[in-house]
Amino acid sequence: MIEVRDLQKNYNGVTVVNIPGVTVQKGETIGLVGNNGAGKTTFFRMILDLIRPTHGQVFSKGENVRSTEDWKQYTGSHLDEGFLIDFLTPEEYFNFIGKLNGLTPGDVQAFLDRFRDFFNGEILEQRKYIRDFSKGNQKKVGVAAGVMSDPELLILDEPFANLDPSSQIRLKSLLKDLKRQGMTLLISSHDLSHVIEVCDRIVLLEKGQVIEDMQTDETTLQQLESYFTV
Ligand SMILES: Nc1ncnc2c1ncn2[C@@H]1O[C@H](COP(=O)(O)OP(=O)(O)OP(=O)(O)O)[C@@H](O)[C@H]1O
């Protein structure tokens, strides 16, 4: 589904991503881990054509994401609060995103019903603008909006960050449901155990390079913990 060829990003002469090749098959669930500044967000931004690679290309279903638009129809994402529209309420934002995806207000409502538990009574009917929500609740709005188009590919940057423990557990269960439905997932996280629980494959980045690319099994957490132990 995604193929990365000779992908590099340089800032001020420093190479912050350098990935000769990575392939993501349809239906795979991939966790991207790595310390602060490892290049995870930059990698996602290049996959989503939000920034231009210095070298190399990203192909989605064989098409270069820089020069085509089709991939936008089947790709959902939430990287950060910049994806949200601050001056809307969550309802207004969900209806806006729903409209973009050809959903009726009734479809949007039915979709949001699936998120009742995850929203924990704190997102809908609050009569507040998105800008006035906590970081964790903004994240919930963004994750739900990313899933709304029922995308084939979902890219989430640190979806567990800022969520309380109950919400993290609910998010894991939501992501596992999406995985069972066959959605391809690309998720970055600093929470090793959550990402291992959700994903079948872990890619470890260090200074922009892929250090490990492994299928998850019962030894993965231990391997990663020993890598991250300083
Ligand atoms: N616009 C920019 N200009 C200069 N340097 C940048 C820019 N964007 C990212 N970088 C640098 O690229 C490197 C990778 O950053 P990136 O945000 O991709 O890392 P990350 O793995 O997502 O980190 P974190 O876990 O802290 O979110 C960092 O050294 C960062 O400072």
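Which strands does α6 lie across, and at about how many degrees to β6 does it run? Select α6 (135-147) together with β6 (75-78) to find out. The helix lies across β6 and β7, and its direction makes about 175 degrees with that of β6. Bear in mind throughout that this is a predicted model.

**The six-stranded sheet**

Next, select the sheet to which these strands belong. It is open and has 6 strands, in the order β6-β7-β8-β3-β9-β10, with mixed pairing. At its edges stand β6 (75-78) and β10 (209-215), each of which pairs on one side only. From one strand to the next, the twist averages 15 degrees.

Zoom in on β7 (153-157) and β8 (residues 184-188). These two strands run parallel and are joined by 5 bridges. To see one of the pairs, pick I155, whose bridge partner in β8 is L186.

Now add α1 (residues 40-47) to the selection. Helix α1 lies across β3 (29-33), β7, β8 and β9 (201-206). Relative to β7, α1 runs at about 150 degrees.

**The four-stranded sheet**

Keep α1 on screen and select the other sheet, an open one of 4 strands in the order β2-β1-β4-β5, where the pairing is antiparallel. Its edge strands are β2 (14-24) and β5 (63-64); each has a single partner strand, so one side of each is left without a neighbour in the sheet.

Strand β1 (residues 2-11) pairs with β2 over 9 bridges, in the antiparallel sense. Select E3 to see one such position: its bridge partner in β2 is T23. Helix α1 packs on this sheet too, touching β1, β2 and β4 (55-60), and its direction makes about 120 degrees with that of β1.

**The ligand**

Which residues are around the ligand? Select Y11, V16, G34, N36, G37, A38, G39, K40, T41 and T42. The largest share of this shell, 3 residues, comes from α1, the helix that also packs on the four-stranded sheet. By type, the shell divides into 3 nonpolar, 6 polar and 1 charged.

**The two domains**

Zoom out and colour the protein chain by domain: domain 1 is 1-74 + 152-229, and domain 2 is 84-150. Their centres, taken over C-alpha atoms, are separated by 24 Å. Where they touch, domain 1 contributes 12 residues and domain 2 contributes 10 residues.

To look at the domain 1 side of this contact, select β7 (153-157) and α7 (165-180), each of which supplies at least two residues. The largest share of that side, 5 residues, is from α7. What kinds of residue make up the side of domain 1 that touches domain 2? There are 8 nonpolar, 2 polar and 2 charged.

**A stop at E125**

The last selection is E125, in the loop between α5 (116-119) and α6 (135-147). Is E125 buried or exposed? With 11 other C-beta atoms within 10 Å, E125 is exposed, because a residue counts as exposed when 12 or fewer such atoms lie within that distance.

Add E91 to the view and display the C-alpha to C-alpha distance between E91 and E125, which is 7.8 Å. In sequence, E125 and E91 are 34 residues apart. The tour ends at the loop that leads to α6, the helix lying across β6 and β7.

Terms used. Residues numbered from 1 in each chain as written. Predicted model: local features only at pLDDT ≥ 70, side-chain atom pairs only at ≥ 80, totals over all residues. Pairing = 2+ DSSP bridges. Contact = placed C-beta atoms within 7 Å. Axes fitted to C-alpha atoms, helices over the stretch in contact; angles between N-to-C directions. Domains from an automatic or database assignment. Nonpolar A, V, L, I, M, F, W, Y, C, P; charged D, E, K, R; others polar. Near = placed C-beta within 6 Å. Buried ≥ 20, exposed ≤ 12 C-beta atoms within 10 Å, placed from the backbone.
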